Amino acid sequence: MVGGLDLFLDYLAKYSPIVVFIILAAGFGIVTLVLSYLVQPKYPEDEKLSVYECGSEPFSDSRMPFPVRYYVIAMLFVIFDIEVIFLYPWAVTFDQLGVIGLIEMMIFIGLFVVAYVYAWRKGALEWD
Amino acid sequence: MHRVLETLHERFPEAVVSVGEDPQRGDLSAQVRAQDLVDVARFLHDDPGMAFDHITDICSADYPDDLERFEVIYHFLSLPHNSRIRLKARLPEDNPTIGSVTPIWKGANFLEREVYDLMGITFEGHPDLRRILLPEDYEEGYPLRKDFPTEGKGWRSTFDFIPRLDEPESEWTEREIPQDQRHVFLAGDQPETAKRTTELLLNMGPQHPSTHGVLRVVLELDGERVAKAIPDMGYLHRGVEKLAEGLHYMQVVPHTDRLDYVCAMTNNYAYVRAVEKLVGVTIPERAEYIRTIVAEVQRIVGHLFWLGTQALDIGAMTVFFWTFREREVLLDFFEQLCGARLTLNYFRIGGVDGDLTPALVDRLREFLKTFPEHVQEYDTLLQRNRIWVARTKNVAVISAEDAINFGLTGPTLRGSGVAYDVRKTEPYGVYDRVEWDVPVGKGGDTYDRYWIRVEEMKQSARIIEQCLDQLPEGPIVADMPKVIPPAKPNVMRDMESLIHHFIIFTQGFKPPKGETYCATEVPKGELGFFLISDGSPRPYRMKIRSPSFVHMGAFDFMARGYLISDIITIFGTYDIVMGECDR
Amino acid sequence: MFDTSIKLALTLSQIGAVMGVVLLTVAVLTLLERKVLSWMQDRMGPMEVGPYGVLQPVADGLKLFFKEDIIPAGANKIMFSLAPILVLVPALIGFAVIPFGPNWTIDVMGVEFKPFVISDINIGVLYILAFASIGAYGVILGGWASNSKYSLLGGLRSAAQLISYELNVGLAIVGVLLLAGSLSLVEITEAQAGGFWNWFAFDPVPFPQFIAFVIFLIASVAETNRLPFDLPEAESELVAGFFTEYSGMRFAFFFMAEYANMILVSCMSTVLFFGGWHAPLPFLQAPGMFAWVTGIFWFTAKVYFFLFLFFWIRATLPRLRYDQLMRFGWKVLLPIALGNIVVTSVLAYIFPN
């Protein structure tokens, strides 16, 4: 268990600066916004607060449902991105895996290509 | 009698009331019974011997004292036979209704709406007869009618955005608006039916970075694809046509500067040519050359401006600054020539205002030496650029047939492969004395129109060069004391000139009674002025046939099915200027 | 306890320095971009504030700081306010794993300390990619929360664009990982020591990753919403895209995030493909304890070269259309990136280092 503790302490040492950085960066953002909020003028008025639609009254709320064609792209991304993530550990330990690893990954990429060609032929990549 | 008129007379003995051929100006016209107008128009369009396939303009005139008060005037052009005809029909005051020619010429749509808007004539069978230049809630009537006062009827003063001095300053700027008074755009405010629509309505303009002024287009979007595009114009409508009715012929020239404010020279040219055609003035040789030169310089300026803005719309910002660099040189040239850079007011009826001095000639030659290199520079950034080609090829395609049917002119028409250029078909100035070509596209897409305009700049440079070589000596203003103000030294010296000067500047000159249409090729297309003179020193009616306005008529047709990104390239490819479009 | 406080003090000062340098670089970049574009376009650029306009970023910053922040009617206030921070923070904290200079460990009062990298974690590449994706949320959220159609369209566009090109960024890096055998940016840099022929972009054995570098560069231009891929904020189409409704400091945050992201991807290009802090030729590297001077110099020089490339591309190319952008990402870049992985891995097996 000592090894486990060491690992934990090592992680703590390595990741604590990142946590501090995140806090500092977020703090910078929030503090700047708050300071700016304190010094800025606040004269809201009807016309100023209306959303921009090139000087005309908007026809409708912009959150009405309307067809978006990005949905398929989003699904493809999820699938392909997971495959990419599988490539990472393989790439890092490439030297140790030897020829078996190479062949296995070639099969994996082959499957990837099959899925890709299928998506292409099905027209999923035709953005419209 | 002319062949066309003869045929018309034979074919429609009842419907055609009278025909006429203007002996001096060569205009053909036919007076037609209102109820038969559509039939006559259809014959003119369909008959191969007539083939008036291009609608130039629809105009209206008001004669309050006549029995039939209104006159609707159609201008048609036959591209195969290169002839124009004017059809006129009279309408009574109590029921000013006439059949619509929109089924024959799709371009008639906007033109008829304009007549309806400004003169109150109803077109039966028109698909969408609404006001076009004036706001839809405009209640004062029809401004181009003679009984409508030029200054309006007071509607304007009721606008609440005009600051009123008698009211105390509002106080709300200092405090927050209560929540209940805020105008909040929430989904809940919408009627149930609005939620069901699958199409998103989007306002593009009037305050949009790339609508080239104050054009508004309402887009019906299906995703990012345009299902329908409805142009809404008139934000820059100033009523130039109405204003002109109260001005002497000479006084109208500065107003034409402000039509297409990017290319003031060519507008001046178009107007003074129309007046000269009406009056019958012969222009001295040197003035003709100078006019041609400055018109072509202006064409280069206009096309440079267009190229820069179109490239900027598509995202190539460097081209914009480079073209403006060259435009600057030419504007400086204009400044030296006539003192102004943008609204030039350089043309005079019968000639031009100032002479092209040797220093200016040298300056122009200097420019022409480096200009081809600069055009080459723009080409390196665009012509072979794959993104540029992808953004312009096969975008906003219009076939030659449709383009003609919509009445398109200029590079927009030539892009579709129709070699119609007023400078070639009805040469004016010295265009028939120099060598130049009309570049014609094939595909009718944005790329072809881009290529044509770049080629036209090269051709313009060629024309200028030849004109500079041929430039003769001589006077720059015609000698016609009753119409054209005599030279200032003469006014100071002899009594007769002084009298002429005095009369022209106080009363204006009186052209003969009559009417004429005169077309001029401006960078945007065919700019036509139709003048009706009643013998008084002011035009009885002046109609401007502005290419931008006619082109906007084809906007919906060309935009459907393309993406939002393509919409802005269509604005660009028309080279639209709202000053001219809205007048 | 004493050790921890020293460590904390060191870390804080290091983070402060990095953030300071990054924000300063952002300020410099806003001016530099305008100046570089101006010179390419035959004009002067900002000249009014300070000599040759050098104080322009200060003026811009102050102006935006004192501007009214407008929250449009109907906007989702919390999301609307959160979005800029959500964009800016990931852009800044990516720098935590970037090694700016030699991988030294020095001893400060008994505490081990790496002066030129905030934290050398062994999954540095993944860390940056992960936080870059979070930045995309900010953009989408900002576009949606504004309740403006232009913002919404911009937000949707960026959603599709960022995910499509993120894939290509991820695939382009795999080749480098194969050669370096590590996800740590420090180790990746160290694997490229010795001269420019050892940089992964050029290293001839087993396979130069230059194609991967080009893909990475193109995809990162798209990831940072820069021309010719600036569709989410295409000013001539969508006015300002997802930040149409933003003003004042919130607007400034989006702006800063864009430039910080540019710096970040430039740093990543430098580290992954161009040898990080290593000099292009061995003798250009100062020996011994002065190595950090040349190290930081070369690192900065390379980063600025890539930043210049960003400006140059912007001055040269027009904007793509949406379908073209997607087609390019999915049908051109993706197969090439995949092919690169296959070729690299096979060659790396045949010619092991």
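## A buried glycine in chain C

Gly143(C) is buried, since 29 other C-beta atoms lie within 10 Å, and 20 or more is enough to count as buried. This glycine sits in helix α4 of chain C, which covers residues 124-145. Keep in mind that everything here comes from a predicted model.

Who are its neighbours? Leaving out residues up to four places away in sequence, Gly143(C) touches Ser151(C), Leu152(C), Gly154(C), Gly155(C), Ser158(C) and Phe242(C). Ala201(C) is another story: Gly143(C) and Ala201(C) are 58 residues apart along the chain, and their C-alpha atoms are separated by 37 Å.

## How confident is the model?

For the model as a whole, the scores are ipTM 0.82 and pTM 0.85. Chain C has an average pLDDT of 84, with 99% of its residues scoring at least 70.

## Helix α5 of chain C

Is α5(C) enclosed or open to the outside? Of its 32 residues, 32 are buried, so the rest of the structure largely encloses this helix. Its length adds up too: at 1.5 Å a residue, the 32 residues should span 46 Å, and the end C-alpha atoms are indeed 46 Å apart.

There is a bend along the way, of about 25° at Val174(C). Once α5(C) is done, Gly181(C) follows with a positive phi, near 70°.

## Where chain C meets chain A

Here 61 residues of chain C are in contact with 54 residues of chain A. On the chain C side, the elements giving two or more residues are α1 (2-40), α3 (77-93), α5, α9 (248-273) and α11. Which of them gives the most? That would be α5(C), with 14 residues.

As for chemistry, the side of chain C that touches chain A divides into 40 nonpolar, 13 polar and eight charged residues.

## Where chain C meets chain B

This contact takes 24 residues from chain C and 31 residues from chain B. On the chain C side, at least two residues each come from α5 (149-180), α8 (235-238), α10 (291-316) and α11 (322-350). So what kinds of residue does chain C bring to chain B? The split is eleven nonpolar, five polar and eight charged.

## Chain B as a whole

Chain B's secondary structure comes to 21 helices and 15 strands. Its radius of gyration is 25 Å, close to the 25 Å that the globule rule gives for 583 residues, so chain B is as compact as a globular protein of that length. Along the principal axes, the C-alpha atoms of chain B fill a box of roughly 80 × 65 × 60 Å.

Of the 583 residues in chain B, 51% count as buried. If you take the contacts in chain B between residues at least 6 apart in sequence, 66% of them join residues at least 24 apart.

## Helix α9 of chain B

This helix runs over residues 317-338 of chain B; at 1.5 Å a residue, its 22 residues should span 32 Å, and the end C-alpha atoms are 31 Å apart, which agrees. Just after α9(B) comes Gly339(B), with a positive phi of about 90°.

The buried residues in α9(B) are Met317(B), Thr318(B), Val319(B), Trp322(B), Thr323(B), Glu326(B), Phe334(B) and Leu337(B). What do the buried residues of α9(B) pack against? Within chain B, their partners are α8 (285-314) and α10 (358-382), and chain C joins in with its α1 and α10.

Definitions and conventions
Residues are numbered from 1 along each chain as its sequence is written. Chains are lettered from A and ligands numbered from 1 in the order in which they are written. This is a predicted model: local features need pLDDT of at least 70, side-chain atom pairs count only at pLDDT 80 or more; totals for chains, interfaces and linings use all residues. Two residues are in contact if their C-beta atoms, placed from the backbone, lie within 7 Å. Helices (H or I, at least four residues) and strands (E, at least two) are DSSP runs, numbered from the N terminus. Ala, Val, Leu, Ile, Met, Phe, Trp, Tyr, Cys and Pro count as nonpolar, Asp, Glu, Lys and Arg as charged, and the others, Gly among them, as polar. pLDDT is the predictor's confidence in each residue, from 0 to 100. The radius of gyration is taken over C-alpha atoms; the globule rule is 2.2 Å times the number of residues to the power 0.38. A residue is buried if 20 or more other C-beta atoms lie within 10 Å of its own, exposed if 12 or fewer, and partly exposed in between; C-beta atoms are placed from the backbone. The expected span of a helix is 1.5 Å times one less than its number of residues. The bend at a residue is the angle between axes fitted to the seven residues ending there and the seven starting there.
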